[in-house]
Amino acid sequence: SRSLIQWWIHNYTDSNDYNGVELNLSGSNGSLLTANSGSVGADSLFDFGCGTGTECDFYGNGTAQIKLPTSGPPALPTGANLSGGTAPLEANGSAGNSGQYLESQGAGNTPTWGTPSGAGGWSFVESTGAIASPAAGSTYGIQSTNTIGAVTTTPNWPLVAPSSCTLSSVQYQVDVSGTKDTSADTVTFAVYDQTKTTTFTDTEATTQFETTAPSISQLFPSDSISQGDKFYCTMTTPASWGTQPTNVYIGCQVWCH
């Protein structure tokens, strides 16, 4: 038997357009013919198409698998399977980053990759044992083992953000026992992103250790943190103490939505 399929074709090799292209599927070696100028040469580069106002349907196993309408984008009536481990879905040549999603930009516009926020929020609560006689001019980081790291930016067990989101609230709690610092020296608290090596400025708060329970207002930052970022809360002491406090206990709660 002989099967014929007819298309319009543009040949990039000879820059000609051909109408009534005929694909001969008979025998073991098919041939590509044109109604007006014979066979298309070997190794030619060409586009397939249909006439103006005609929809092109490409069938597989008796079902239209690809439909090229007279207007609008192609349709895949039976869906598409991105198989294997190296078949990315791209938008404007970008496959996005891990954890992102395609976000519609409205009719007629290309979707873009977005980062989830608002859903899957999380919070962490951390506290320390007594920091005995905290040294002046030092930064302490609260570790996820509920112990204190007396290293400026490298606690051994930082927290890990389970998802990307925007920090929505930070609350610090402090308790000072024994000797208080009556000189009203400023102590600064903040959240530090170890992965990005940056302090979230919206999370910075200051207080003095003059009383047993120094007051620190709840903060409502707008800093963004990425999934997988390692972070922890920090306390930075003044360059010098008027009176060095005996023991300090720190608590820190971070909300992200």
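## The Cys233–Cys252 disulfide

Cys233 and Cys252 are both buried, and in this predicted model they form a disulfide with their sulfur atoms 1.9 Å apart. The torsion about their S-S bond is about -45 degrees, so this disulfide is left-handed. Because Cys233 lies in strand 19 (residues 230-236) and Cys252 in strand 20, the pair ties together parts that are 19 residues apart in sequence.

As a reminder of the chemistry, a disulfide is a covalent bond between the sulfur atoms of two cysteines. If you are setting up a topology, a search of the whole structure finds 2 disulfides, and the next section turns to the other pair.

## The Cys165–Cys256 disulfide

Cys165 is joined to Cys256 by a disulfide, with an S to S distance of 1.9 Å. Here the torsion about the S-S bond is about 125 degrees, so the disulfide is right-handed. This pair links distant parts of the chain, with Cys165 in strand 15 and Cys256 in strand 20, 91 residues apart.

How accessible is Cys165, buried or exposed? Cys165 has a relative accessible area of 4%, which means that it is buried, since the cut-off is under 20%. Cys256 is buried as well, with a relative accessible area of 0%.

## Strand 20 and its partners

Strand 20 turns up in both disulfides, through Cys252 and through Cys256, and it is worth following into the sheet pairing too. Strand 15 (residues 165-177) and strand 20 pair in the antiparallel sense, over 10 bridges. Within this pairing, Ser177 stands opposite Asn247 of strand 20. Strand 15 and strand 20 are therefore connected in two ways: by their antiparallel bridges and by the disulfide between Cys165 and Cys256.

Which other strands are joined to strand 20? One of them is strand 10 (residues 122-127), which runs antiparallel to strand 20 (residues 247-256) and is joined to it by 6 bridges. In that pairing, Phe124 faces Val254 of strand 20. Strand 11 (residues 131-132) is also antiparallel to strand 20, with 2 bridges between them. There, Ile131 has Val248 of strand 20 as its bridge partner.

## Two residues with positive phi

Two loop residues deserve a look if you plan to check backbone torsions. Following the chain on from strand 11, Ser133 sits in the loop between strand 11 and strand 12 (139-142). Ser133 has a positive phi of about 45 degrees, although it is not a glycine. Its relative accessible area is 39%, so Ser133 counts as partly exposed.

After strand 15 comes a similar case for inspection: Ala184 lies in the loop between strand 15 and strand 16 (187-193). What is the phi of Ala184? It is positive, at about 55 degrees, although Ala184 is not a glycine. With 34% relative accessibility, Ala184 is partly exposed.

## A nonpolar patch on the surface

Finally, on to the surface. Leu82, Leu89 and Leu102 make a nonpolar surface patch of about 260 Å². One of these residues, Leu102, is found in strand 8 (residues 101-103). Leu102 has a relative accessible area of 36%, so it is partly exposed; because patches are made of residues with over 30% relative accessible area, Leu102 can take part in this one.

Methods
Residues are numbered from 1 along each chain as its sequence is written. This is a predicted model: local features need pLDDT of at least 70, side-chain atom pairs count only at pLDDT 80 or more; totals for chains, interfaces and linings use all residues. Side-chain values use heavy atoms; hydrogens and water are left out. Two strands pair if DSSP finds at least two bridges between them. Helices (H or I, at least four residues) and strands (E, at least two) are DSSP runs, numbered from the N terminus. Buried means under 20% relative accessible area, exposed over 50%, partly exposed in between (1.4 Å probe, protein chains only). A disulfide is a pair of cysteine sulfur atoms within 2.5 Å. Patches are made of residues with over 30% relative accessible area and no salt bridge: like charges are joined within 9 Å, nonpolar side chains (Val, Leu, Ile, Met, Phe, Trp, Tyr) within 5 Å. Accessible areas come from the Shrake-Rupley method with a 1.4 Å probe; for residues, only the protein chains shown count as cover. A salt bridge is a side-chain nitrogen of Lys or Arg within 4 Å of a carboxyl oxygen of Asp or Glu.
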